[in-house]
Amino acid sequence: MENIVIIGNGIAGVTAARHIRKLSNKRIIIISAETDHFFSRTALMYVYMGHMKFEHIQPYEDWFWEKNRIELVRGYVTHINPEEKKLTIDNVSSLHYDKLIIATGSKPNKFGWPGQDLHGAQGLYSKQDLDLLEVNAPNKEACKRAVIVGGGLIGIELAEMLQSRDIPVTFLVRETSFWNGVLPSGESQMINEHILEHHIDLRLGTNLKEIVSDENGRVKSVIIADTNEEIPCNLVGLTAGVTPNIDFLKDSGIELGRGVKVNRFLETNIKDIYAIGDCAEQHEAIGNRRPIEAVWYTGRMMGETLAQTICGNRMAYNPGHWFNSAKFLDIEYQTYGWVFSERRKEAHEMHFHWRHPEEKICITVAFHQDSKQFLGINTFGIRMRHELFDRWLNEERTVDFVLEHLADANFDPEFYRKYEVDIVSKYNVDFGTSIKPKKKSLKRIFQIA
């Protein structure tokens, strides 16, 4: 029986295991040092906030693994020997594989700040990080202030978590506006305002110089670069992005860049060794995507794709059109296609931006200035239908068509206020058009003949 070994029990590795089992009777072994069983990493914040218990974010019952003949091993893989097709666990035991899948995910970035390894300085990625946060910031008495370093999605999640326990937060963001390497300026400015309205001490254009220790080796304060201002705190959240978790592979002969180098079939340079998820790096980026994508759904898609290859149906990874979703405190964010920030967009990319005059609701639509082809949309505070934008992108619809049919895409509940008339009205003023928004049509949405 062929022996499939998967290192890592995150979404990529577990999805690969589940789909290999659906397609075959191969022996499947998952090795993980993080937890006994798979859990939803994106829901860790809700455990800390008291909305859920940890067992609630484990999608499968404990009996699921034995029933599906997926063997679980708890430990660290410390060495891989591709010539003998063996790997070493915790420098003690060894395990043979016929095919090996590396799905070890990411780890929080550290940039050599003095004091970055002190007690009280931590990231937010793993179950161990969640447990450590309960030690470092159990309440506002033990943690009188937290400083978060890095202005991405993990940083704003951590700020929301800490605020749920009334812990004051200072947010250090090196960019001049929040996440402005990703978001266009109108959206970034709206999020700046939203963060400040939630009484978070947002410091834009600010870099960390040093984390200062007390006499017991714990965080006492941080020093700001340039000004040398000292901010007393008990927790420093290091949320300046993540990097592939691949240190244990350095002497394996597997080709590495920032991550594990793979082709479109998720194959490494060594036969029968593959990489998926956050730790995989495409030799050549797919379209506008980054070579490494630390995104939940791409990990799932890679797992499904690789399972086909492992089971004899060699299949290239094809993630399709870019999409993602997140929350900025209580504002829901969705993106479909490509809407680049001013720092990244090319000359042909035009933006139409609409923002509600009072509420934190806005959209930005990107389109080609010559052909008017629809390129993508960002929405804040309005839920949209993924499958409809996917269809319009495939059909290469114009921006005029998308705005005319925008009501079809709206997925907000029945009694929510709709904004299509206001949005189209501003578009007509901005671009000299006379589009009239159509009423929602279920026939169009579901393509009923």
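Strand β7 (residues 99–102) runs parallel to β19, and three bridges join the two. In β19, Ile273 is the bridge partner of Leu100. Keep in mind that this is a predicted model. Below, the picture is built up from the sheets to the cores, then a helix and two loop residues.

**The parallel sheet**

- The pair β7 and β19 belongs to an open sheet of five strands, ordered β3-β2-β1-β7-β19, with parallel pairing.
- Why do β3 (70–74) and β19 (273–275) stand at the edges? Each has a single partner strand, so one side of each is left without a neighbour in the sheet.
- From one strand to the next, the twist averages 20°.

**The antiparallel sheet**

- There's also an open sheet of three strands, in the order β13-β14-β15, and here the pairing is antiparallel.
- Its edge strands, β13 (208–213) and β15 (230–232), each pair on one side only.
- Neighbouring strands in this sheet are turned by 25° against each other on average, ignoring direction.
- Five bridges connect β13 with β14 (residues 219–224) in the antiparallel sense.
- If you want one pair to look at, take Ile211, whose bridge partner in β14 is Val222.
- As general background, strands of a sheet pair through backbone hydrogen bonds, either parallel or antiparallel.

**Nonpolar cores**

- The largest nonpolar core has 79 residues, and Leu87, Ile101 and Phe389 touch the most other members.
- This core takes at least three residues from each of domain 1 (3–107 + 243–311) and domain 3 (323–446).
- Which residues does Leu87 touch, not counting those up to four places away in sequence? They are Val5, Ile7, Ile31, Val77, His79, Ile80, Ser93, Ser94, Leu95, Tyr97 and Leu100.
- Leu100 therefore turns up twice: as a contact of Leu87, and as the bridge partner of Ile273.
- Apart from the largest core lies another one, of 41 residues, including Tyr48, Ile156, Ile195 and Leu329.
- In soluble globular proteins, nonpolar side chains tend to be buried together.

**Helix α4**

- Helix α4 spans residues 127–136, and Lys127, Asp129, Leu130, Leu133 and Asn136 are buried in it.
- The cover over these buried residues includes α2 (44–48), β8 (106–108), β9 (121–122), α5 (153–163) and β16 (235–238).
- At the N-terminal end, Ser126 acts as the cap of α4, with a side-chain oxygen 3.3 Å from the backbone nitrogen of Gln128.

**Two loop residues**

- His356 sits in the loop between β23 (349–355) and β24 (362–368).
- Is His356 buried or exposed? His356 counts as buried because its relative accessible area is 6%, under the 20% limit.
- A polar atom of the His356 side chain lies 3.0 Å from the backbone nitrogen of Glu359.
- Leaving out residues up to four places away in sequence, His356 touches Ile361, Arg417 and Tyr419.
- Asn216 is in the loop between β13 and β14, the two strands that pair over five bridges.
- Asn216 counts as exposed because its relative accessibility is 59%, and exposed means over 50%.
- Asn216 and Leu118 are 98 residues apart in sequence, with a C-alpha to C-alpha separation of 9.7 Å in space.

Methods
Residues are numbered from 1 along each chain as its sequence is written. This is a predicted model: local features need pLDDT of at least 70, side-chain atom pairs count only at pLDDT 80 or more; totals for chains, interfaces and linings use all residues. Side-chain values use heavy atoms; hydrogens and water are left out. Buried means under 20% relative accessible area, exposed over 50%, partly exposed in between (1.4 Å probe, protein chains only). Helices (H or I, at least four residues) and strands (E, at least two) are DSSP runs, numbered from the N terminus. Contact means heavy atoms within 4.5 Å. A polar contact is a pair of N or O atoms within 3.5 Å; within protein, one must be able to donate a hydrogen and the other to accept it, and residues adjacent in sequence count only if both atoms are side-chain atoms. Two strands pair if DSSP finds at least two bridges between them. Axes are lines fitted to C-alpha atoms, for helices over the stretch in contact, and angles run from 0 to 180 degrees between N-to-C directions. A nonpolar core is a set of buried Ala, Val, Leu, Ile, Met, Phe, Trp, Tyr and Cys residues joined through side-chain atoms within 4.5 Å. Domain bounds come from an automatic or database domain assignment.
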